[in-house]
Amino acid sequence: VKRLLLRALQGAVWPRASQRNGFDTLSLQFFLDDLRISTNVRLFEDIRALGTRVSAEVRKAVLIDGRTWLDRAFVVNDWYISAYQPISDSFGERVGMLYVGFLEAPFAEAKRAAFWWMLAAFFAVLALSAPVFLWLARGIFSPLERMTKVMHRVGKGELSARIGRVPARDEIGAVAQHLDWLLEQVQERDRQLRSWNDALNQRVDQRTAELREANEKLEQTFRQLVMSEKLASIGEITAGVAHEINNPVAVIMGNVDVIRQTLGDNAEPVATELALIDKQVSRIEVIVGKLLKFAAPSEFSDCEHNIALRPLVQDCLVLVDHLISRGGVEVHCAFEEVPPVRADSGEVQQVVVNLVVNAVQAMQGAGRLDLHLAEAERAGVAGVALSVSDSGPGVPDDLLGSLFDPFFTTKEKSTGTGLGLATAYGIIRSHGGLINLRSKKGKGTTFNIYLPASAKEIVQEEEFSGEVMKGTETVLLVDDEETIAEVGQELLETLGYTVLPAMSGKEAIEIYKKNKDEIDMVLLDMIMPEMGGSETYDRLKKINPDIKVLLSSGYS
Ligand SMILES: Nc1ncnc2c1ncn2[C@@H]1O[C@H](COP(=O)(O)OP(=O)(O)OP(=O)(O)O)[C@@H](O)[C@H]1O
Ligand SMILES: [Mg+2]
């Protein structure tokens, strides 16, 4: 039975090597209590190790504790993988043990062989799979490498760099495609930014130019403002002085007339002296007139008419023709059709003549004179622009601000009074116009005049007959200046009029109330202390709305 059991076990556990070195690989032993009573393990030849005992440790675990003992064990001369199991009798008493042991060596050998086999298989698989893995890895790494290179190029500023088509159709291919799309977006944004930048730069340039232009205009306006402020204050003083001079001059003139009228034919011996007085008085009148025109306060300016500038400028050229042709000044005129302006033709003529004379004098007789007349607009108001340019030496920068000052001249006292441009300034300003100049040293000078256009038709001026009218009517002469009043009275009486003098507005009103029916006309001085001319006029007008009043002033 034991042999059969052994064979069966051996066949099951170790089928191919049941024997090793003449020994069984499988050992089967029975113990009665701890005494070996049956074994197939031989000590040598045919002698078996019967009658020997198990170790106390095994005995305790199996026989006393009733456990199965599993462990390596060195039996005779070999290591076995062994197991002891308790055997119980029909009463459940542990009476012995069954031992089964497998020789460990074949196991260890099989384990080693398996290990080497597995190692060999591992390397074989490794050797076989390496090229496949490398091939697969290249599929991953080459697109990544391309991506890295492209990113590097983009980083250096080459925004058009793209990864392009990637053979991989997996996530890497999708990433590459997505990256290309992102780069496309970046390039587009960059393009947009650049175009915005260009547009912005353009706008900045434009704004800078506009600012510069505005600044220039501001500076020009500022200069003009300073000049007009300065000239306005000079003008006020001038007007006052001229007024003070005008009255004595009027007295002198009136008295000379009275002397002439009184002497009649007897004036013959002093005719030369009287003529001399006339001439000098006229000279004073001319200068005072010029000064007043410079001051040109609007209420004292001469009456204005609608005039055509083109014939007026042409007339001016005729007036100065002798100067122009003397040295051979080349004159170029460009006159366009222009609307009429509301101005005093004599005054405007005076301005133009002065500008042309100045230009000819500056060029010292020879050069090129350009006159240009065109329609113009300033601050939305239509008008006419006249420019007078010369090829003369120009005006030094430091003198530019003084040119319009009264009595500023670089000419000799006999040639220039320095009132030409001051007068021109006053006249143009009183007409609501503008005058300025552009000049560079050595590059000639251009004077520009702007006059606002008038809406009305041009009217022809009536010719003055030149005859002194005499009359018999009664005149109320109102003037606070005693001498003027006296001279006026005498002059009017010489001419046949009856004169009622009044020294103030108050007195005038009283006299008028008393002699209302007799008085045909009132001669009224504008500037008087207390009640001025205009107030007196208003009161007189209330007494008689049809009253005829001639307002006069020492200013003109
Ligand atoms: N076209 C010009 N080129 C160079 N300098 C000029 C020109 N026009 C005027 N000037 C300068 O401006 C100064 C003032 O001119 P303005 O006409 O006021 O007086 P004037 O010509 O000297 O004397 P007036 O005109 O009273 O005879 C001149 O003395 C001259 O120095
Ligand atoms: Mg002049």
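This report covers the ligand site, the salt bridges, two backbone outliers and a surface patch of a predicted model.

## Ligand 1 and its shell

Around ligand 1 there are 21 residues, and those that come nearest are Asn358, Thr409, Thr410, Lys411 and Thr417. By residue class, the shell is made up of eleven polar, eight nonpolar and two charged residues.

Polar contacts to the ligand come from both side chains and backbone. In the side chain of Asn354, an N or O atom is 3.0 Å from an oxygen atom of ligand 1. Leu421 uses its backbone instead: one of its backbone N or O atoms lies 2.7 Å from an oxygen atom of the ligand. A nitrogen atom of ligand 1 is 3.5 Å from a side-chain N or O atom of Thr445. On its own, ligand 1 has 590 Å² of accessible area, and the protein covers 91% of this. Three elements give two or more residues each to the shell, namely α8 (345–362), α9 (420–430) and β16 (445–452). The most comes from α8, which gives four residues.

## Thr445

Thr445 belongs to strand β16. Its relative accessibility is 6%, so the residue counts as buried, the limit for that class being under 20%. Besides the 3.5 Å approach of its side chain to a nitrogen atom of ligand 1, Thr445 has a side-chain polar contact of 3.1 Å with Ser439.

## Salt bridges around Asp34

Side chains of opposite charge can pair when their charged atoms come close. The model has 16 salt bridges. In one of them, the side chains of Asp34 and Arg53 meet with an N to O distance of 2.5 Å. Asp34 is in the loop between β3 and β4, while Arg53 is in the loop between β6 (47–48) and α2 (56–64), so this bridge ties together parts that are 19 residues apart in sequence. The two partners fall into separate accessibility classes: Asp34 is buried because its relative accessibility is 7%, whereas Arg53 is exposed at 56%.

Asp34 also forms a salt bridge with Arg59, where the closest N and O atoms are 3.5 Å apart. This pair links distant parts of the chain, 25 residues apart, as Asp34 sits in the loop between β3 and β4 and Arg59 in helix α2. Arg59 has a relative accessible area of 29%, so it is partly exposed. The two arginines and Asp34 are linked with Asp33 in a network of salt bridges.

## The Lys60–Asp65 pair

Another salt bridge joins Lys60 and Asp65, with 3.3 Å between the closest N and O atoms. Lys60 is partly exposed because its relative accessible area is 46%. Asp65, with a relative accessibility of 36%, likewise counts as partly exposed.

## Positive phi values

Most residues other than glycine have a negative phi. Asp33 departs from this pattern, with a positive phi near 55°. Asp33 is found in the loop between β3 (26–32) and β4 (35–39), and it is partly exposed, with 32% relative accessible area. Asp33 is also a member of the salt-bridge network that includes Asp34.

Ala379 is not a glycine either, yet its phi is positive, at about 50°. Its place is the loop between β13 (367–378) and β14 (381–390). With a relative accessible area of 84%, Ala379 is exposed, since that class begins over 50%.

## A nonpolar surface patch

Val132, Phe133, Trp135 and Leu136 make a nonpolar patch of about 460 Å² on the surface. One of these residues, Phe133, has its place in helix α3, which runs over residues 104–155. Phe133 counts as exposed because its relative accessibility is 54%.

Note on methods: Residues are numbered from 1 along each chain as its sequence is written. Chains are lettered from A and ligands numbered from 1 in the order in which they are written. This is a predicted model: local features need pLDDT of at least 70, side-chain atom pairs count only at pLDDT 80 or more; totals for chains, interfaces and linings use all residues. Side-chain values use heavy atoms; hydrogens and water are left out. Patches are made of residues with over 30% relative accessible area and no salt bridge: like charges are joined within 9 Å, nonpolar side chains (Val, Leu, Ile, Met, Phe, Trp, Tyr) within 5 Å. Accessible areas come from the Shrake-Rupley method with a 1.4 Å probe; for residues, only the protein chains shown count as cover. A salt bridge is a side-chain nitrogen of Lys or Arg within 4 Å of a carboxyl oxygen of Asp or Glu. Buried means under 20% relative accessible area, exposed over 50%, partly exposed in between (1.4 Å probe, protein chains only). A residue is near a molecule or strand if one of its heavy atoms lies within 4 Å of it. A polar contact is a pair of N or O atoms within 3.5 Å; within protein, one must be able to donate a hydrogen and the other to accept it, and residues adjacent in sequence count only if both atoms are side-chain atoms. Ala, Val, Leu, Ile, Met, Phe, Trp, Tyr, Cys and Pro count as nonpolar, Asp, Glu, Lys and Arg as charged, and the others, Gly among them, as polar.
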